[in-house]
Amino acid sequence: MQAQLDHQSIEQAPRSIRTEVFLFTLIRTVINSAYRLPYPFLPLFAAGMGVSLNQMGLAFSIRSVLGVVSPFLATLADTHGRKKGMMLGLVLFGAGCLTSSLMPHFLGFILGSSLVVIANGVFIPSMQSYLSDKIPYEKRGRVLSIAELSWSLGFIIGVPILGYLLKTYHWWSPFIALSFLAVVLIAVLWFFIPEDKALPQEKNALTTNLSKVLRYAPVLAGVLTTFLFTSANEVVNLVFGQWIKDSFGLAFETLAIASIVIGSSEFASEFLSALFLDKMGKTRAIFIALFLNILALFVLPFGAKFFSIALLALSLFSISFEIALIAFMTYMSELMPSARATVMAITIATFSLGRMGGSLIGPSLYRSGFWFNCATAVLLNLASILFFRFFQHKSNQKSV
């Protein structure tokens, strides 16, 4: 906690913190735009590369598996400083976009998108650790929620713009633009974010940090809970673009509208998290959000004939997942402050594992009907709720 004592709170240093949060949000908006682009436009990507839905599901699984290496890279933020961790994340992001640009085929897509996932898994924990060092836990939910607005902004602004490039030119065209943006953002981060030094107790070897974190029961419980509810989200998230195509047609405008509506819903959830997460409590917010996610999954299949119902259910599905995600990341950020970046990196890596699990089974379930995707997601969410609740009861921990 010494880092919190060594830095001013957001109220004490509003200009510097606000400037940094703005910059981090901008960078993450660009990264998230690339990360999320394939989901709503999955049919267009598949058609452009001449592959099937199952092959695309395999590609998503591969990139998720490779994303698990992020904890090994993100520990750099614990051992050498948060800025170096963020710089590494941005460099990997640029390399991923450039790979997809220079290798315009299925293998290039897999390699490039995998590097984007790894970059995301390095930049986010480094950024979150940087902010968590400065912001006390009781006020941290609001700050991390503001930074998390980038997740929805990427869908509202970035995905439609990149989707237009995809539709107008080639499937790899968006990655050319993203490569140029990566170079600019690397320069901006280098010049505007001050150098920081790891605290003495944080200067541990990579294996020491990982070993310490993975022996801590609360972290392991958080990892399993994360895997379950992220898998639930991916089982539906991966195929919703295909479901919209099959239900309402392939029109680019339909897919773009869906992405904007979902992004707007997520923006609302992130705004609500910024307002109420610290007051409500992180644990309570996790449970409420997951129950709302289950409710959305019950409604979602009925939207197959009514586009408005489909959009409303997708909105609730996205809102509830995003609130659960933000609350859970904030919860995890305080479990082991001495190895905070490592904990957050393992959490992000578990998101990748969860997405891998959902990607592997999502397309197969969809062949039997979208109902099967939704029912599987409900079961996974219920398992995550029960496990998290059981762990809390057994450990006799207070809500944090």
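**Cavities, rings and a few buried residues**

About 140 Å³ of space lies in the largest cavity of this chain, and I would like to start there, with the reminder that what we are looking at is a predicted model. The count of cavities of 30 Å³ or more comes to two, and I will take each of them in turn before moving on to the aromatic pairs and to a few single residues.

The lining of the largest cavity is made up of 14 residues, and those that lie nearest its centre are Asn 120, Ile 124, Trp 151, Phe 351 and Arg 355. If we ask which elements give two or more residues to that lining, they are helix H2, which covers 14–36, helix H8, at 106–134, helix H17, at 307–332, and helix H18, at 340–368. Sorted by class, the lining of the largest cavity holds eight nonpolar residues, together with three polar and three charged ones.

The second largest cavity has a volume of about 110 Å³. Its lining consists of Arg 36, Trp 151, Asn 233, Asn 237, Phe 240, Ile 262, Glu 266, Leu 314, Phe 317, Ser 318, Phe 321 and Arg 355, and the elements that contribute two or more residues to this lining are helix H13 (217–237), helix H15 (252–280) and H17. Of these, H17 supplies the largest share, namely four residues. By class, the residues lining the second largest cavity divide into six nonpolar, three polar and three charged. Please keep two names in mind as we go on, because Trp 151 and Arg 355 are listed among the residues nearest the centre of the largest cavity and also appear in the lining of the second largest one.

Let me step back briefly to the chain as a whole. The chain has 19 helices and zero strands, and buried residues make up 60% of its 400 residues. Among the contacts in the chain with a separation of 6 or more, 86% are accounted for by residues 24 or more positions apart.

That brings me to the aromatic rings, for which the count comes to 18 pairs. In the pair formed by Phe 229 and Phe 321, the ring centres are 5.9 Å apart and the planes stand at 65°, and since an angle over 60 degrees is the criterion, the pair is edge-to-face. Because Phe 229 belongs to helix H13 and Phe 321 to helix H17, this pair ties together parts that are 92 residues apart in sequence. Phe 229 counts as buried, at 1% relative accessibility, and Phe 321 counts as buried as well, at 6%.

A second pair, Trp 243 with Phe 370, is stacked, with 4.4 Å from centre to centre and 15° between the planes. Here too the pair links distant parts of the chain, since Trp 243 sits in helix H14 and Phe 370 in helix H19 (residues 370–395), 127 residues apart. Both Trp 243 and Phe 370 are buried. Beyond single pairs, ring pairs link Phe 229, Phe 287, Phe 321, Phe 328, Tyr 331 and Phe 388 into a cluster, and Phe 321 is also one of the residues lining the second largest cavity.

Helix H14, residues 240–248, deserves a closer look. Its buried residues are Phe 240, Gly 241, Gln 242, Trp 243 and Ile 244, and the helix is followed by Gly 249, whose phi is positive, near 105°. Gln 242 has a relative accessibility of 14%, and it therefore counts as buried, the limit being under 20%. Leaving aside neighbours within four places in sequence, Gln 242 is in contact with Pro 43, Leu 53 and Tyr 366.

Finally, I turn to two residues of helix H11, which covers residues 173–192. Ser 173 is found in this helix and counts as buried at 12% relative accessibility, while its side chain reaches the backbone nitrogen of His 170 at 2.9 Å. Pro 174, likewise in helix H11, is buried with a relative accessible area of 0%. Not counting residues up to four places away in sequence, Pro 174 touches Leu 37, Leu 162, Leu 165 and Leu 166. The C-alpha atoms of Pro 174 and Gly 163 are separated by 7.5 Å, with the two residues eleven apart along the chain.

Definitions and conventions:
Residues numbered from 1 in each chain as written. Predicted model: local features only at pLDDT ≥ 70, side-chain atom pairs only at ≥ 80, totals over all residues. Heavy atoms only, no water. 1 Å grid on protein atoms, 1.4 Å probe; cavity = no way out; pocket = protein on both sides within 12 Å on 5 of 7 lines; lining within 4 Å. Points joined across faces, edges and corners; volume = space filled by probe spheres on them. Nonpolar A, V, L, I, M, F, W, Y, C, P; charged D, E, K, R; others polar. Buried < 20%, exposed > 50% of the residue type's maximum accessible area, 1.4 Å probe, protein only. Polar contact = N/O pair within 3.5 Å; in protein donor to acceptor, adjacent residues only side chain to side chain. Contact = heavy atoms within 4.5 Å. Phe/Tyr/Trp six-rings, centres within 6.5 Å; stacked < 30°, edge-to-face > 60°.
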